[in-house]
Amino acid sequence: MNRASLPWSRIGFAVLVVVSLSLGWWGLMLDTTHVPGRTWYDVVYHDLQLFVMGADPASGGGPLSWQLQVARFLAPGTAVYALFEAARALFTGELRRFSQRRARGHAIVVGETDAADTVTAALEAAGHRVLRTPDAAGLSDVGLPGATVLYACGDDTTDATANVLTVAEAEAAVRRAGRGPERLYAHVSDPDLGVALQARHLSCAEPGVDFFTLDVIAAQALAVREVRRILDAPGGPAPVTHLVVVGSGEFAKALVVGLAREWELAGEGLRLVVDLSADDADHVAGELRARWSPVAQRIELRAVPVLGAGGGTPDTVYVCHASDGVSLRVALTATRLWHGGPGSLVLLLDGLAGLTGAFGTEASRVLDNLDGRLRTVTTRDLLADVERVEARAHADMYERIARSVHHVYLRNQLERGVGWGEVPAMVRWEDLSDDLRASNRGWVVGLPARLSRMGATIAPRDGAPDVVFDGAELDRLAEAEHELWESVRVAAGWRSGPVRDDAARIHPMIGVPWSELSESNREKDRDVVRLLPEILAEFGLEVVRYETSPVVVG
């Protein structure tokens with residue numbers, strides 16, 4: 001038993017009780033010797049009565065022993081103290097619940113799972129207040145109307161829709177109250193179901209609700225970090241970069257996809273070779289190529305059932321088995337993985353996250369990190385973003401697709417010879433102006449209307465040929481793209497003018513009908529339409545027509 005489980009206040013209270021009872025017994029034994037027929041039962045009874053100021057021998061006053069004099073004041077005082085502590089405990093809980101119900105600007109995390117703990121840690125690391133509740137029944141007790149974001153992270157292993165239902169209940173409560181979180185996120189452990197739910201949600205243009213899988217979000221964050229490290233290396237990247245991903249779980253698959261997507265901005269002449277090492281590597285690699293176009297088109301993905309069979313010394317190895325124990329054993333026993341440079345062996349540890357500190361600096365580590373070759377990462381670390389102003393642990397689907405729209409724009413402009421920074425939009429998303437980011441988000445929000453004009457919707461990608469838009473249909477959809485672009489700009493305060501001025505929000509194409517645009521500008525709008533299937537494919541989605549023949553767009 002330690003001080004945390006038995007604080008000094010409780011020890012002090014116990015001492016007071018013992019002292020009061022002891023002095024009371026002693027004093028009563030001395031002062032009641034003259035009472036006929038007195039028994040020790042009477043002494044015990046009167047001793048207990050001291051705590052409620054009702055002991056007859058001590059109530060009449062007169063000459064009493066010092067022991068009884070002390071006890072008749074100490075015992076009632078101890079009783080009053082006990083009542084005070086009980087009331088304080090009761091009212092402290094009530095006051096806390098009262099305060100939480102009226103909280104403002106906080107985040108709510110629903111659930112008592114590892115996912116809930118990870119999201120909470122990421123939000124708190126960014127400096128945001130987080131209130132927790134085990135289930136949807138406690139939403140009113142954690143200030144739902146005043147919250148800015150809600151993450152439903154309950155256990156969905158037996159009921160895949162558990163967190164979806166929590167978000168639906170929260171959304172209904174917010175609608176009834178007329179205020180509440182603008183962003184509602186449901187954790188979906190099954191990535192395939194998550195993609196399907198995202199497809200249905202994207203088709204109704206209601207930003208603020210999203211479905212996510214922690215492994216996927218964390219793996220994408222790691223991919224961004226790693227590709228940036230490769231491309232920004234001193235002296236520039238090598239012509240061929242060789243990576244190995246060990247494992248075939250959801251994190252491993254998402255990492256391969258993330259690496260492929262980020263490599264699209266690597267430029268021409270740079271190859272990325274990724275070996276997927278797992279018993280079922282052939283099957284998993286085939287699935288990844290079929291669903292994710294960047295995997296099929298931008299990298300060379302090789303299935304390597306036997307670890308190390310790919311040949312050569314890889315630049316970086318990522319060990320991310322579904323089991324932390326297996327990952328740790330592989331990283332520390334497969335010596336063939338130790339031949340790279342500093343930081344070349346990356347080990348994912350979630351369930352064993354406490355071990356990450358063991359491979360620390362020279363001053364603190366208790367386990368060798370292979371002379372700096374071993375790096376450990378956790379989902380919690382990858383999810384945390386200390387620079388995020390909003391109380392969110394990750395970017396939602398609308399923002400991720402908006403980033404992808406800009407990503408494809410950058411890739412196409414680079415292929416056309418446009419250099420970085422030559423125009424305001426030729427910068428990475430992180431450096432993009434708020435207006436241009438809003439324009440890309442508006443493109444995503446406008447998806448349902450454009451899909452309706454196409455007689456189409458969004459569905460999880462299944463490897464079927466992509467929908468192709470051409471001819472008159474392409475031009476009509478391109479015209480709709482120009483109208484959407486213009487409406488987003490006007491809503492942001494832009495106006496027409498002869499010369500473009502981003503600072504003054506003036507653009508010469510505002511107010512110009514699509515038919516009067518130059519051919520080069522009309523071709524930009526056509527590009528956006530042509531690339532719609534490709535943009536969605538980067539998220540495992542595709543355009544599906546309701547009818548087998550193209551719909552005439554009017």
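Select Trp 26 to begin: with 43% relative accessibility, this residue counts as partly exposed, because the class covers the range between buried (under 20% relative accessible area) and exposed (over 50%), using a 1.4 Å probe and protein chains only. Now add Trp 66, which at 52% relative accessibility counts as exposed.

Before you go further, a word on what is on your screen. This is a predicted model in which local features need pLDDT of at least 70, side-chain atom pairs count only at pLDDT 80 or more, and totals for chains, interfaces and linings use all residues. Residues are numbered from 1 along each chain as its sequence is written, and side-chain values use heavy atoms, with hydrogens and water left out.

**The tryptophan pair**

Keep both tryptophans selected. The structure holds three aromatic pairs, where rings of Phe, Tyr and Trp (its six-membered ring) pair if their centres lie within 6.5 Å, and planes under 30 degrees apart count as stacked, over 60 as edge-to-face and the rest as tilted. Trp 26 and Trp 66 form an edge-to-face pair, with 5.7 Å centre to centre and 70 degrees between the planes. Their pair links distant parts of the chain, 40 residues apart: Trp 26 sits in helix H1 (residues 8–31) and Trp 66 in helix H4 (residues 66–101). Helices (H or I, at least four residues) and strands (E, at least two) are DSSP runs, numbered from the N terminus.

**The tyrosines and their neighbour**

Next, select Tyr 151 and Tyr 185. Their rings form a tilted pair, 4.9 Å centre to centre with 45 degrees between the planes. Tyr 151 belongs to strand E3 (residues 149–152) and Tyr 185 to strand E4 (residues 183–187), so this pair links parts of the chain 34 residues apart. Both tyrosines are buried. Add Phe 212, and you have a cluster of Tyr 151, Tyr 185 and Phe 212 linked by ring pairs.

Stay in strand E4 and pick His 187. Is His 187 buried or exposed? At 8% relative accessibility, His 187 counts as buried. Leaving aside residues up to four places away in sequence, His 187 touches eight side partners you can show together: Ala 115, Ala 152, Cys 153, Asp 156, Asn 163, Phe 212, Thr 213 and Leu 214. A contact here means heavy atoms within 4.5 Å.**The second largest pocket**

Move on to Tyr 409, Trp 485, Lys 524, Asp 525 and Val 528, which lie nearest the centre of the second largest pocket among its 32 lining residues. A pocket is found on a 1 Å grid over the protein atoms alone, as an open set of points where a 1.4 Å probe fits, with protein on both sides within 12 Å along at least five of seven lines; lining residues have an atom within 4 Å of a point. The volume of this pocket is about 920 Å³, taken as the space filled by probe spheres set on the points, which are joined across faces, edges and corners.

Colour helices H14 (397–415), H15 (434–445), H17 (471–491) and H18 (519–537), the elements that give two or more residues to the lining. H18 supplies the largest share, seven residues.

**A loop residue**

Select Arg 505, in the loop between strand E13 (495–496) and strand E14 (506–507). The phi of Arg 505 is near 60 degrees, a positive value in a residue other than glycine. Arg 505 is partly exposed, with a relative accessible area of 30%.

**Zooming out**

Finally, show the whole protein chain, with its 18 helices and 15 strands. Buried residues make up 47% of its 554 residues. Colour by pLDDT, the predictor's confidence in each residue, from 0 to 100: the chain averages 80, and 87% of the residues score at least 70. Over residues 1–6 the pLDDT is below 50. Where pLDDT is low, the predicted coordinates should not be read in detail.
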